[in-house]
Amino acid sequence: MTTQPSLQPQKSQQPVLQLQQLTRIHGSGATEVHALRGVNLDVFPGELVAVMGPSGSGKSTLLTIAGGLDAPTSGRVIVERTDITKADRKAMAALRRRSIGYVFQDYNLIPALTAAENIALPRELDGTSARRARSEALAALEEMSLGHLADRFPDEMSGGQQQRVAIARALVGDRRLVLADEPTGALDSETGESVLALLRSRCDAGAAGILVTHEPRFAAWADRVVFLRDGAVVDQTARSEADSLLSGQAAER
Amino acid sequence: MSIRHGLLALLEPGPRYGSQLRSAFESRTGATWPLNVGQVYTTLNRLERDGMVVQEGADEAGHALYVITEQGRSELRAWFATPVDRANPPRDELAIKLAMAVGTPGVDIRAVIQSQRHHTVKAMQDYTRLKAQALAAIEGGGSSERDDIAWLLVLEQLIFQTEAEARWLDHCEMRLIRLSAAAGPAAPAGPEAPRAAADSGSTATARTRPGDGAAEPAVPTGRRGTRGPFRR
């Protein structure tokens with residue numbers, strides 16, 4: 001398992017996210033831990049990539065570094081053509097607001113704000129007028145058939161609804177990279193499925209996503225499943241034409 | 001036996017020709033288990049012999065029209081009322097393969113596990129995509145909702161099966177790592193042993209850390225508790 005499969009670009013577009021030779025070492029000397037050992041990964045528009053692996057394999061480290069919440073020990077993280085490892089603090093903060101959306105296991109919506117306000121907030125912080133930010137937020141909700149939740153506060157929504165709102169927030173405005181860390185972890189399996197279906201449909205609409213999960217059933221919604229072991233990519237699947245799996249008649253239905 | 005009872009179920013609502021039964025069987029199960037016409041007629045012949053169906057006329061081309069009998073109906077009711085027998089589990093090639101890999105020299109069992117996991121997860125991706133299509137068809141109010149629902153149930157069974165397999169493979173890998181860690185490098189004896197056991201028990205990461213199996217020193221494995229800011 002020493003060879004790392006090369007990641008062939010599957011699409012002609014520029015990747016939204018590129019991780020190049022990423023390493024992350026925590027601690028030093030005797031306590032040194034190699035959380036990532038030379039990971040390469042490109043994520044293209046329209047693509048949902050699932051990262052699977054046992055705990056301690058580096059999944060969450062990969063996601064935090066991809067989102068600029070942690071810095072790699074070496075290697076490059078390129079988001080929308082900008083190398084965020086070279087950006088200064090301010091540029092990094094702006095890039096995070098403008099280009100990267102997060103979805104956490106526990107939703108992380110601000111309790112004092114309604115769904116629409118939660119979605120509008122990052123846009124307002126980024127200088128968009130309050131009015132415009134609100135109309136963008138409403139449009140984002142509408143596009144995901146969540147318009148009826150606009151004026152609800154987080155504690156007036158179910159977990160599944162909050163997570164859908166969090167996905168809307170992650171992809172509001174021009175953002176098209178969504179990083180999801182166990183987004184279904186706090187949901188029952190039916191609700192988890194519907195949240196995954198929403199994430200899937202946002203990627204089908206052009207977003208790029210990374211989904212960290214240990215649940216094979218949720219990873220199966222991805223175009224590509226990357227297996228991490230001990231900080232390195234050991235293997236990955238590509239989506240094949242389902243037609244080859246079952247006979248033609250089934251796929252044409 | 002499933003084809004036999006499947007055909008009886010399809011005859012329950014009314015008489016059918018053999019070719020109709022074949023296509024009905026496939027559209028209900030999404031062609032997951034394709035039937036050829038020969039199998040259909042062989043099965044119909046046996047059902048006829050056993051008094052479960054009778055022929056009632058034929059079309060111009062001489063194809064017989066089949067009708068379920070009262071005996072066939074009671075057989076069908078009994079089938080639905082009886083659980084599928086689990087007493088003799090079917091031979092499972094994967095379980096046999098892993099069992100053999102445990103004792104076969106020169107086999108990298110983790111590579112065997114990973115290659116299967118790849119295949120299984122990929123199959124799940126495909127089934128999931130078909131499931132998304134089936135759900136969309138049902139929500140879109142397709143023409144043959146009954147077939148779409150039946151097909152969805154079959155697909156979800158395939159997803160659950162592959163999921164169980166993927167989880168079992170994860171479990172096997174962890175189990176093997178844990179066992180090889182417990183056996184330890186040169187199996188520490190005496191006062192060292194309990195401490196090593198406590199270490200590997202106290203952190204989940206110690207067990208799941210892959211590395212080089214038995215060749216890997218057990219000591220640093222407890223140090224993987226460092227977490228990024230995503231953990232709250």
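**Helix packing and sheets in a two-chain predicted model**

Helix H1 (residues 2–11) and helix H2 (residues 18–29) of chain B pack with their axes 10 Å apart, at an angle of about 100 degrees. This is a predicted model: local features need pLDDT of at least 70, side-chain atom pairs count only at pLDDT 80 or more, and totals for chains, interfaces and linings use all residues. Residues are numbered from 1 along each chain as its sequence is written, chains are lettered from A and ligands numbered from 1 in the order in which they are written, and side-chain values use heavy atoms, with hydrogens and water left out.

Visitor: Is H1(B) roughly parallel or roughly perpendicular to H2(B)?

Guide: Axes are lines fitted to C-alpha atoms, for helices over the stretch in contact, and angles run from 0 to 180 degrees between N-to-C directions. Angles under 35 degrees count as roughly parallel, over 145 as roughly antiparallel, 65 to 115 as roughly perpendicular and the rest as oblique. The angle here is about 100 degrees, so H1(B) and H2(B) are roughly perpendicular.

Visitor: Which residues in H2(B) do Gly6(B), Leu7(B), Leu10(B) and Leu11(B) meet?

Guide: Contact means heavy atoms within 4.5 Å. The partners in H2(B) are Leu21(B), Ala24(B), Phe25(B) and Arg28(B).

Visitor: Which strands stand at the edges of the open sheet E2-E1-E4-E5 (chain A)?

Guide: Helices (H or I, at least four residues) and strands (E, at least two) are DSSP runs, numbered from the N terminus; two strands pair if DSSP finds at least two bridges between them. The pairing in this sheet of four strands is antiparallel. Each edge strand has a single partner, so one side is left without a neighbour in the sheet; these are E2 (33–43) and E5 (82–83) of chain A.
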